[in-house]
Amino acid sequence: MKSPSTEHAVVETVLPEGQEGEAPAAPAPKVVPPSHRWYVVHTYSGFESKVKASIEQQVAAKNMGEQVSEILIPTEKVVELKKGKRKEALRKFFPGYLLIRMELSDNLWYLIKNTPKVTGFVGPGIRPTPVPDSEVALVIQQVEEGVEKPKHRVHFVKGESLRIVDGPFTNFTGLVDEVKPEKGRLKVMVSIFGRPTPVDLEFLQVEKV
């Protein structure tokens with residue numbers, strides 16, 4: 001039986017005579033049975049990874065791996081400034097929630113529902129309601145975009161007071177005039193020689209006063 005955990009196997013390939021050196025064919029993409037649907041499980045915040053690991057272990061132990069094709073904790077990369085250094089960190093999209101793609105049965109429902117730190121399935125009624133594939137696809141797209149282009153943890157609004165902490169205008173203060181979140185930049189109006197001057201900065205070059 002397959003386990004929902006990702007495993008890597010080493011396979012020795014013997015090529016026919018005359019084909020030595022040819023690259024092996026790419027592995028076929030994983031086929032998800034049409035009976036597998038996405039469900040949302042609510043957990044205690046901060047215990048998402050432990051719940052995921054626990055469900056995977058229980059599913060494997062009970063030979064129910066073919067019923068579960070994926071367990072997802074949607075996360076994205078964010079950029080923050082710590083002790084003057086730019087660092088990347090992972091942030092959960094939906095703290096306290098897991099997405100599970102599976103063929104739901106009474107036994108699997110009971111197993112997940114009774115996993116420690118699980119509060120239940122999301123949806124009306126007692127029986128879990130599947131989430132449309134289109135909605136999950138949007139979440140996965142956001143995850144992929146967040147990995148490729150990390151977002152900045154801090155947010156600014158027009159008119160907010162800031163102090164510049166990096167660059168030629170360090171220690172100057174000013175007001176936010178324009179915010180460009182998709183670029184991680186903003187325009188700050190700074191008083192230079194008594195005249196308001198717009199300065200273009202990265203998010204990590206300023207801090208809130």
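**Exercise 1. The whole chain**

Work out what percentage of the 209 residues in the chain is buried, then get a feel for the fold as a whole.

*Solution.*
- Step 1: Buried residues account for 32% of the 209 residues in the chain. Buried here means under 20% relative accessible area, exposed means over 50%, and partly exposed is what lies in between (1.4 Å probe, protein chains only).
- Step 2: Keep in mind what you're looking at: a predicted model, in which local features need pLDDT of at least 70 and side-chain atom pairs count only at pLDDT 80 or more, while totals for chains, interfaces and linings use all residues. Residues are numbered from 1 along each chain as its sequence is written, and side-chain values use heavy atoms, with hydrogens and water left out.
- Step 3: About 14000 Å² of the chain is exposed, and 53% of that comes from carbon and sulfur atoms. The areas come from the Shrake-Rupley method with a 1.4 Å probe; for residues, only the protein chains shown count as cover.
- Step 4: Count the elements, and you get three helices and 12 strands. These are DSSP runs numbered from the N terminus, with helices (H or I) of at least four residues and strands (E) of at least two.
- Step 5: Of the contacts between residues at least 6 apart in sequence, 61% join residues at least 24 apart. A contact is a pair of heavy atoms within 4.5 Å.

**Exercise 2. Helix H1**

Check whether the span of helix H1 agrees or disagrees with its 14 residues, and find which of its residues are buried.

*Solution.*
- Step 1: H1 covers residues 48–61, and at 1.5 Å a residue it should span 20 Å. The rule is 1.5 Å times one less than the number of residues.
- Step 2: The end C-alpha atoms of H1 are 20 Å apart, so the span agrees.
- Step 3: Glu-48, Val-51, Ser-54, Ile-55, Glu-56 and Val-59 are the buried residues of H1. An α-helix has 3.6 residues a turn, so residues three or four places apart point the same way.
- Step 4: After H1 comes Asn-63, with a positive phi near 55°.

**Exercise 3. The four-stranded sheet**

Put the strands of the open sheet of four in order, and say what packs on that sheet.

*Solution.*
- Step 1: The order is E2-E5-E1-E6, with antiparallel pairing. Two strands pair if DSSP finds at least two bridges between them.
- Step 2: E2 (68–72) and E6 (118–121) each have a single partner strand, so each edge strand has one side without a neighbour in the sheet.
- Step 3: On average, neighbouring strands of this sheet are turned by 25° against each other, direction ignored. Axes are lines fitted to C-alpha atoms, for helices over the stretch in contact, and angles run from 0 to 180 degrees between N-to-C directions.
- Step 4: Strand E1 (residues 37–43) pairs with E6 over three antiparallel bridges; in E6, Gly-120 is the bridge partner of His-42.
- Step 5: H1 packs on the sheet and touches E1, E2, E5 (97–102) and E6, and its direction makes about 25° with that of E5.
- Step 6: Helix H2 (residues 106–113) lies across E1, E2, E5 and E6, running at about 145° to E6.

**Exercise 4. The five-stranded sheet**

Find which strands stand at the edges of the other open sheet.

*Solution.*
- Step 1: Five strands line up as E11-E10-E9-E8-E12, with antiparallel pairing.
- Step 2: E11 and E12 (206–208) are at the edges with a single partner strand each, so one side of each has no neighbour in the sheet.
- Step 3: From one strand to the next, the twist averages 45°.
- Step 4: E10 and E11 run antiparallel and are joined by eight bridges. In E11, Asp-200 is the bridge partner of Lys-187.

**Exercise 5. Salt bridges**

Say how many salt bridges the whole structure holds, and place some of the pairs.

*Solution.*
- Step 1: The search finds seven salt bridges. The test is a side-chain nitrogen of Lys or Arg within 4 Å of a carboxyl oxygen of Asp or Glu.
- Step 2: One of them joins Arg-127 and Asp-106, with the closest N and O atoms 2.8 Å apart. Arg-127 sits in the loop between E6 and helix H3 (133–148), and Asp-106 sits in H2, 21 residues apart.
- Step 3: Arg-127 is partly exposed at 43% relative accessible area, whereas Asp-106 is exposed at 52%.
- Step 4: Another salt bridge joins the side chains of Lys-187 and Glu-178 (3.5 Å, N to O). Lys-187 is partly exposed at 26%, and Glu-178 is partly exposed at 33%.
- Step 5: Asp-200 and Arg-185 form a salt bridge with their closest N and O atoms 2.9 Å apart. Asp-200 is in E11 (residues 195–202) and Arg-185 is in E10 (residues 185–192).
- Step 6: Asp-200 is partly exposed at 39%, and Arg-185 is partly exposed at 24%. Through shared partners, salt bridges join Arg-185, Asp-200 and Glu-202 into one network.
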